[in-house]
Amino acid sequence: MKLHEYSSYDATGLAELVRRREVTAVELAQLAREAHDQVNPTLNAVVEFYEDAESVPGSDAGPFGGVPFLRKDISVTEAGRLYECGSRLYRGFRPTVDSYFVERARAGGLRIVGRTTTTELGVSALSETAMCGITRNPWNLDRTVGGSSSGSGAAVAAGIVPIASASDGGGSIRIPASYCGLVGLNPSRGRISGGPNRQDPGHGISRYFVLCQTVRDMAASLDVLSGSYPGDPFLIPGPERNYIEELSQPSGRLKIGVALSSWAELKLDPEIRDRVAETAKVLEGMGHVVEEIDQPFSASDYREVIAGSTYFGRGNLDAVASALGRKVDATTLENINLIFYERAKHLPLSYAEKVFEHARKIRFDVAKAVQDFDILLTPTMPCTAVPHDAHSTENMSVEEYLTLDAVGFCQYLGVFSVTGQPSVSLPLFCSTEGLPIGIQIVGRFADEATVVRVARDLEQAIPWTKRRPPVFTGITG
């Protein structure tokens, strides 16, 4: 198999070739290495491609048997492998346990061949760290990939692998999906276990999944990765059937709420608004009922929740530093995280109650506002990928970070992390500048099935799989 042939397949397609014995898992790992060597020096998406990638474990029987897979370097762990969270504080850290996510990925046939860049400790919608430098967007090297699943987004978009792990506590799957032209689902709270040691990440706000190229890969990934374990704090109804089977089920006639206005101070780009309206027309043409909705929550409430979540997440850094023989200071943490860390130490216990009350209010307000709709249709991002030098968290105050990055860029995203609803960014359009535009579909809690079916319908109506960025495996000069 030639490199340009390898990069033309999604994960499901490569697995089918393995099943037909047209290619082996070892050959696919070798091709992934070749792809990495070709484009990663330009993109800086992969922080480590394993020396033993051709011999890593993975089932031959799963739906992704033999397919190369990259692990985002935060959230899920492999025993004995580096886990550095994009931070100098974690440099050299090797966990001793596999995440359940990793166990299920391997059982599904995925071969984890390396790890990808992430923003430090998962903070920021941009794609630059002091530890790893800038991760560049294959659609335009001067633009951000988005964070925090930066490397996974760039690697899949450029064809190094067809699928990679990602995590989302406020938009970190859907941002790179939108900026890089990928499918990025944030599943319902409780759908994917964070165990054995991260079963309640972000107090229910953060979830784990993948970035991929097609809806069928998204559906198959749900089948592979979904499942609960003893100690998981959230109970969620199981699916009626396998998600891959939903691809052959009718969508029915749905009532769809569409967002066409800004939900924060950062204004919605008119071109993106027009693409959302165009998508609404397509769905209306399929027989669905479409109705415009107002902003269903208070941005100030979300600002308090995401601030609290970030403060809470810095509570264990002293223990981490002690275990690794380091100090928490400017040599181990970037400025924005150091500020959050210092402030967190002085917050009263009553602060947590205040944050949880804002989260409760968001859940109530959104549930009441959208209870009559089967799905919601929104922009994923209010703008296309911004230039690397447009903003930097290194020079921001906490207040500026919360207003622009956490709330402004993520105005259509973080709210559904709080409510626990499934939401997917689909790469339906490109801008006049040639940059991807993601459109978000949001389902009812625990109803990934409807999201899968609508995503399938839109993939058929507005196909995207033949689009290629200028930097792409097998065609980069």
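The second largest cavity in this predicted model has a volume of about 40 Å³. Its lining consists of Leu-126, Ser-127, Glu-128, Thr-144, Val-386, Pro-387, His-388 and His-391. By class, that lining has 3 nonpolar, 4 polar and 1 charged residues.

Across the whole structure, a search finds 4 cavities of 30 Å³ or more. The largest cavity holds about 140 Å³ of space. Its lining has 14 residues, and Gly-190, Ile-192, Gly-194, Gln-199 and Phe-234 lie nearest the centre of this largest cavity. The lining of the largest cavity divides into 5 nonpolar, 6 polar and 3 charged residues.

Besides these cavities, there is a pocket to describe. About 450 Å³ of space lies in the second largest pocket. This pocket is lined by 26 residues, and Gln-213, Thr-214, Thr-465, Lys-466 and Arg-468 are the closest to its centre. Helix H5 (150-157), H7, strand E14 (423-430) and H16 are the elements that give two or more residues to the lining of the second largest pocket. By class, the lining of this pocket has 14 nonpolar, 5 polar and 7 charged residues.

The classes of the three linings are set out below.

| Space | Nonpolar | Polar | Charged |
|---|---|---|---|
| Largest cavity | 5 residues | 6 residues | 3 residues |
| Second largest cavity | 3 residues | 4 residues | 1 residue |
| Second largest pocket | 14 residues | 5 residues | 7 residues |

H7 and H16, which both contribute to the second largest pocket, also meet each other. The axes of helix H7 (residues 215-225) and helix H16 (residues 448-461) come within 9 Å and cross at roughly 165°. Angles over 145 degrees count as roughly antiparallel, and H7 and H16 are therefore roughly antiparallel to each other. Their crossing is left-handed. On the H7 side, Val-215, Met-218, Ala-219 and Leu-222 take part in the contact, and they meet Glu-448, Val-452, Ala-455, Arg-456 and Glu-459 of H16. The residues of this contact divide into 6 nonpolar, no polar and 3 charged.

H16 has a further partner in helix H9 (residues 270-285), and the axes of H9 and H16 come within 11 Å and cross at roughly 105°. Angles of 65 to 115 degrees count as roughly perpendicular, and H9 and H16 are therefore roughly perpendicular to each other. Thr-279, Val-282 and Leu-283 of H9 make this contact with Val-454, Leu-458 and Ala-461 of H16. By class, the contact of H9 with H16 has 5 nonpolar, 1 polar and no charged residues.

Some points of the backbone also deserve a note. Most residues other than glycine have a negative phi, and most peptide bonds are trans. The peptide bond from Gly-147 to Ser-148 is cis, with omega near 5°. Ser-148 lies in the loop between strand E7 (140-144) and H5. A cis peptide bond is also found from Gly-195 to Pro-196, with omega near 5°. The loop that holds Pro-196 runs between strand E9 (183-186) and strand E10 (207-212). Arg-21, a residue other than glycine, has a positive phi, near 60°. Arg-21 is placed in the loop between helix H2 (11-19) and helix H3 (25-43).

Definitions and conventions. Residues are numbered from 1 along each chain as its sequence is written. This is a predicted model: local features need pLDDT of at least 70, side-chain atom pairs count only at pLDDT 80 or more; totals for chains, interfaces and linings use all residues. Side-chain values use heavy atoms; hydrogens and water are left out. Axes are lines fitted to C-alpha atoms, for helices over the stretch in contact, and angles run from 0 to 180 degrees between N-to-C directions. Helices (H or I, at least four residues) and strands (E, at least two) are DSSP runs, numbered from the N terminus. Angles under 35 degrees count as roughly parallel, over 145 as roughly antiparallel, 65 to 115 as roughly perpendicular and the rest as oblique. A crossing is left-handed if the near helix is turned anticlockwise from the far one by less than a right angle, and right-handed if clockwise. Contact means heavy atoms within 4.5 Å. Ala, Val, Leu, Ile, Met, Phe, Trp, Tyr, Cys and Pro count as nonpolar, Asp, Glu, Lys and Arg as charged, and the others, Gly among them, as polar. On a 1 Å grid over the protein atoms alone, a cavity is a set of points where a 1.4 Å probe fits but cannot get out, and a pocket is an open set with protein on both sides within 12 Å along at least five of seven lines; lining residues have an atom within 4 Å of a point. Grid points are joined across faces, edges and corners, and a volume is the space filled by probe spheres set on the points.
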